[in-house]
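Colleague: I would like to learn how to read a model of this kind feature by feature, with the general idea before each case. Where should we begin?

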Amino acid sequence: MSATVPKKEIKCLSIEELKAELLEMGEKPFRAGQIFKWLHEPVESFDEMSNLSKDLRARLAERFVLTVPVCERKQVSKVDGTRKYLWRMQGGDCVESVLMKYEHGNTVCVSTQVGCRMGCKFCASGLFGLKRNLSAGEILDEVLFIQKESGEPVSNIVLMGTGEPLDNYDNVLKFLHLVSCAGGIQIGQRHISLSSSGLADKIEMLAREKLQITLSISLHAPDNESRGSVMPVNNRYPVERLMQACNYYFDTTGRRISYEYMMARGKSDRPWQAEKLAALLRGRPAHVNLIPLNPVKESPLQPSSRDAVRRFQQILEKHGVTATVRRKLGPDIDAACGQLRRRTLEEGEA
C-alpha cells in the first residue's frame, strides 16, 4: 500500500466492510468472518490468525492497523474486586475503564474520548479538556482487553467513563453496532447503557436510530440555576430543552430513560429540589439513580450525608418516582472517572 494512503483501523470495520476490503484484495469474502472472529478474541498480531495464509496475514498487516492497548496501570479493590484500568492507546494517549462485578454478571464501564470538553464541575474527566475522540475500535478494545486480561466474561457495558459519548456520535454508534453484532462478542443492546450530559440534538438523532440500549441522562439538578452552575452544557441545552428531547426519545423508541442525579451537600440535595425533580418527572416513564458524590480535590463539592440521600429518595417515592441509590464500588481505589488518568498526567507519564 502506498505510504501516502493511511492505513485503516481494521477493528472499526463491520463484517460487510471487511468483505468489501477483501474483494479489493482479491480474496474470498468468507475470510471476513474468520478475521472478524480473530479480532474479537482479541489477537495482538495478524500472525496469530492461524487459519489464514502467511501471505494474507502479511497483506493485512500492510493494509490495516491492528490496535492493541497496553495496560499502563491497574487497581484492584480489596473490598469488592472492582478493577480499574489505565490503557495506553495506539498514539500514546491514556484512557480509563472499569470492570465491576455484580450478582447478575460483570459490567465494563468504557471511556469514549481522551479527556472531555463538557467541563462539569464535579468530574475529574474534563480537568485537562478534550484531546481527541476514540475510534469505534479503540472503544471496543477496552471491552475486549478487559475480558482478556481479567479472564472474566463481560455481560453488560456502560458508556459512562471519560468523555461525552454523544460528542463522539459517529464512532460511538459504530461501536454499538460492532459490539452487539453476530460474529463478535455479541453483547445485546439491552445490556448496554449510554450516559449523556444532555446534548439534546444528539439525543434526538440517537432516538431515530431506534436502538435497544438504555439511555441515561446526567441530570444532577432539576432547575436551570442549580444545573447551570455545575454543568456548562445546561447553558446550551437548558432543562426544558433537554426534557423535550427525552420525551422525543421515549416516544420514538419506547425505551424508559434513567436519570443520574448527583447528591452534593447543600448543592443538589435540598428537599425543594427533590420536590422539583418529582414534578419534572411526574407522568414520565423514568428511573432516578441517586449517586453519592465522589469528591474531586479540585472541586469544592462534597458528598451529601446518608440522611439527606434517604430523605431525598423518600420525597421522590412519595410522588411516585422510582429512585434507587447507587452502590459505591471500588471505594479503596481511584473511584471517580478521570482520577487515575489525572494522577498519571500530573506525574508526567501520560
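Modeller: Let us begin with burial, for which a residue counts as buried when its relative accessible area is under 20%, as exposed when over 50%, and as partly exposed in between. Please keep in mind throughout that this is a predicted model. By that cut-off Tyr85 is buried, and Trp87 is buried as well.

Colleague: How many aromatic pairs does the structure hold, and how are the rings of Tyr85 and Trp87 arranged?

Modeller: In general, a pair of aromatic rings is described by the distance of the centres and the angle of the planes. The structure holds two aromatic pairs. In the one formed by Tyr85 and Trp87, the ring centres are 5.2 Å apart and the planes lie at 5 degrees, so this pair is stacked.

Colleague: In what order do the strands of the open sheet follow one another, and which strands stand at its edges?

Modeller: A sheet is read from strand to strand through the pairing, and here 10 strands form an open sheet with mixed pairing, in the order β3-β4-β5-β6-β9-β10-β11-β12-β13-β14. The edges are held by β3 (70-76) and β14 (322-325), and because each has a single partner strand, one side of each is left without a neighbour in the sheet. From one strand to the next the twist averages 20 degrees. At the β14 edge, β13 (residues 286-292) runs parallel to β14 and is joined to it by four bridges, with Leu290 standing opposite Val325 in β14.

Colleague: Which helices pack on this sheet, and at what angles?

Modeller: Here one reads which strands a helix touches and how the directions compare. Helix α4 packs on the sheet and touches β3, β4 (83-88), β5 (94-102), β6 (105-109) and β9, its direction making about 120 degrees with that of β4. Helix α5 also packs on the sheet, touching β9 and β10, and its direction makes about 180 degrees with that of β9. As for its own geometry, α5 (residues 169-180) has 12 residues and reaches 17 Å from its first C-alpha to its last, close to the 16 Å expected. Its buried residues include Tyr169, Val172, Leu173 and Phe175, and the buried residues of α5 pack against α2 (31-39), α4 (136-150), β9 (156-159), β10 (192-196) and α6 (200-209).

Colleague: Since β9 recurs in these contacts, are its faces covered or open?

Modeller: Both faces of β9 are covered, with Asn156 and Val158 buried on one side and Ile157 and Leu159 buried on the other. Within the sheet, β6 and β9 pair in the parallel sense over three bridges, and Cys109 stands opposite Val158 in β9. Three bridges likewise join β9 to β10, which run parallel, and there Val158 stands opposite Ser193 in β10.

Colleague: How many disulfides does the structure hold, and how far from Cys71 is the nearest cysteine sulfur?

Modeller: Disulfides are read from the distances between cysteine sulfur atoms, and the structure holds zero of them. For Cys71, which is in no disulfide, the nearest cysteine sulfur is that of Cys94, 10 Å away; at 33% relative accessibility, Cys71 counts as partly exposed. Cys246 is in no disulfide either, the nearest cysteine sulfur being that of Cys120 at 15 Å, and at 1% relative accessibility Cys246 counts as buried.

Notes
Residues numbered from 1 in each chain as written. Predicted model: local features only at pLDDT ≥ 70, side-chain atom pairs only at ≥ 80, totals over all residues. Heavy atoms only, no water. Helix = DSSP H or I, 4+ residues; strand = E, 2+ residues; numbered from the N terminus. Expected span 1.5 Å × (residues − 1). Buried < 20%, exposed > 50% of the residue type's maximum accessible area, 1.4 Å probe, protein only. Contact = heavy atoms within 4.5 Å. Pairing = 2+ DSSP bridges. Axes fitted to C-alpha atoms, helices over the stretch in contact; angles between N-to-C directions. Phe/Tyr/Trp six-rings, centres within 6.5 Å; stacked < 30°, edge-to-face > 60°. Disulfide = S-S within 2.5 Å.
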